[in-house]
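Biologist: Before I rely on any of the labels attached to this model, I would like to hear the reasoning behind them. Could you take me through them one at a time?

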Amino acid sequence: MDRLTAPGPEGGRTRRDVASGAVLLGVAVAYGLGALRVPGAEGEPGPAFVPVVLAVLLAGLAAWIAGSALVAPSPAEEPADALPFPSGRARSEARVWLAVAATAAYAALFHVLGFALGTAGYTFAVTRLFTRNRRVLVTAPVLVTLVLYACFRLGLGVRLPPGPLG
Amino acid sequence: MTDVLLDPATLTALAGGVLLGIVVGAVPGLTATLAISLLLPLTFQLSAVRAIVMMTGIFTGGIYGGSIAAITLRIPGAPASAMTMLDGHEMARQGRTGTAIALSTFSSVVGGVFGGVVLVLFAPQLADVALTFQSPEMFSLVVLALVAVATASQGSLAKGMAATVVGLMLSTVGIDRLVPVPRFTFGSVSLLVGVPLIPVVIGLFAVAELLHQVRRTEDDAPRAAAAAGAHRAAGWWRAAREAGWRLFLKSSAIGTLVGALPGAGAAMAAFLAYTEAKRASPRPEAFGTGIPEGIVAPEAANNAMTGGAFIPMLAFGIPGDAVTAVILGGLVVHGITPGPQLFQDEAGLVGPLFAAYFASYALILVLGMALIPLYSRITRVPREVMFPFIGALAIVSSFTSEGTAFAMYVATAVGVLGYLLRRYGYPVIPVLLGLILGPMLEANFRRSLILADGDASVFVRSPISLVLLVMAALLPVWMLRARRREP
């Protein structure tokens, strides 16, 4: 077994390595092209030098990761973090991206809705991804909002956006 | 020197500083640097002695406080606590939160006292050693630190290196430090100053952890098991003995030495100490599974760093890290000029500073142990409340750290990155270290070549630099051999 690409705790040499290697290779190429556009400087390596070196390094590592996975035999076991039921995986991934959307919306609307409304709404949305218990869905947003308000506004004096509540 | 601490007002300033430092250090998004910066105007009302004592308390408390969130929430309160999180949080998941915090507290105190003793006894000598580290040596030290973390991380070496390079790439965003041209800013004004560090820490750990937990809503059994004995600190002394006094000493020495190097910082101290502990351990495969050594090494090192960081600041007026830079500003405001003459001209201030330093660690020991039941309650909060709280805390903390909406977007985006890295088996800590050390790496590399007129042999002509580069080259070989010994 090649120890340089030996299995880690999450995945190992699977198609995921090919995919991640390919993505990293793409990142390296894009980054390298961007680095070439950085103006140079007289008499020293210049601001583009290190980025170009990093792009080459990442491209090499990405190619190694993807290439090693391509030539490796398919693993007999599922990755350590795989969920037990295949039909649940799609739902699990959907929950993740819903959480991402909720977090991005919270950040985007933090100043519009204000701290209280924004935090309560965000907490409700994310709590809903964990449970359907109505008591928790009602108390968690209130509790989280109050605790954070106490810590940041009252405890540390941080100015939090008031939003429409004023 | 100790008489000044018997003054109730001075003691109150110290205790207040330590407590504030612990709280600030424990809250992701807040740092000791921020706390001291915010309190600097307040210290104008205090005498020079009380101001120094308070700032020292915030500094030491802040470094220690970062481990609390790392252990209980799996969110490093400060970048330096990222390594403590690996074994600390795992120990908490096993129902030994109290033990983990007690061990972290004890290690912090041992490391802090060690750094303080070195500070008092050897400050001038260590300052001379620190002066021998010029640009080539600093570049080589950073290379060693980056290689060390990449090889010590879980997973394959190639993935660890790739994660490190990703972090280094992030560090190149913004205006170049030597030639004022923008790099990878995409026309964004917010990116001109680079990718903000604290939102990245919050994103990589807090937001990513939230996403990871959302994906797995079944199987609540691990948290229930953790709640049972979480508040007990039983066994922490046995765990400390299991780690061994040699590990305490070695990690503290690493932390003190790194702290004495200007700009190196607590994160590098913790990463190097953890890596060395893993390399030298007869059971390297156990790191990351909740073993005492994984807590002792980084905590002893990053707290020993606090003593080391004072050395260049007091001896030469060169701050050892961001916090000491702000403290230096505070000293100047109070009419104190650090430098070689400080120990003669301002002996009346140096003594209280040393006394406050040691007294702060005594307070950390007492407060840390006494508050274990309170910290342990955190692990008993149901996950359907805890993780939404973490998500909201992450976004609010990001906003607080920079005061901009941009910081919140960074935390969210980096959170997605951290989640994907973890899903595909890449370690995230090398990304963080690459972001932290990237500027130092590049600046010292280019400065070395400028001063040597482009002669690359400058990195091997210096014995110190050569040794560090050889160690960096050999470290992957040692680690791979250690992995081959794994069952």
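**Reasoning behind the labels**

Modeller: In this predicted model, salt bridges link Asp176(B), Arg183(B), Glu442(B) and Arg446(B) into a network.

Biologist: What makes the contact between Asp176(B) and Arg446(B) a salt bridge?

Modeller: The side chains of Asp176(B) and Arg446(B) meet at 2.6 Å, N to O, and the cut-off is within 4 Å, so the pair counts as a salt bridge. Asp176(B) lies in the loop between strands E1 and E2 of chain B, whereas Arg446(B) belongs to helix H20, so the pair ties together parts that are 270 residues apart in sequence.

Biologist: Why are Asp176(B) and Arg446(B) called buried, and Arg93(B) partly exposed?

Modeller: Buried means under 20% relative accessible area; Asp176(B) has 4% and Arg446(B) has 1%, so both are buried. Arg93(B), which meets Glu90(B) in a salt bridge of 3.5 Å, has 43%, and since exposed requires over 50%, Arg93(B) falls in between and is therefore partly exposed.

Biologist: How do you know that H6(B) is oblique to H12(B)?

Modeller: The two helices pack at an angle of about 55 degrees, with their axes 9 Å apart. Because roughly parallel needs under 35 degrees and roughly perpendicular needs 65 to 115, the angle of about 55 degrees makes H6(B) oblique to H12(B). By class, their contact has 10 nonpolar, 1 polar and 1 charged residues.

Key:
Residues numbered from 1 in each chain as written. Chains lettered and ligands numbered in written order. Predicted model: local features only at pLDDT ≥ 70, side-chain atom pairs only at ≥ 80, totals over all residues. Heavy atoms only, no water. Axes fitted to C-alpha atoms, helices over the stretch in contact; angles between N-to-C directions. Helix = DSSP H or I, 4+ residues; strand = E, 2+ residues; numbered from the N terminus. Parallel < 35°, antiparallel > 145°, perpendicular 65-115°, else oblique. Nonpolar A, V, L, I, M, F, W, Y, C, P; charged D, E, K, R; others polar. Buried < 20%, exposed > 50% of the residue type's maximum accessible area, 1.4 Å probe, protein only.
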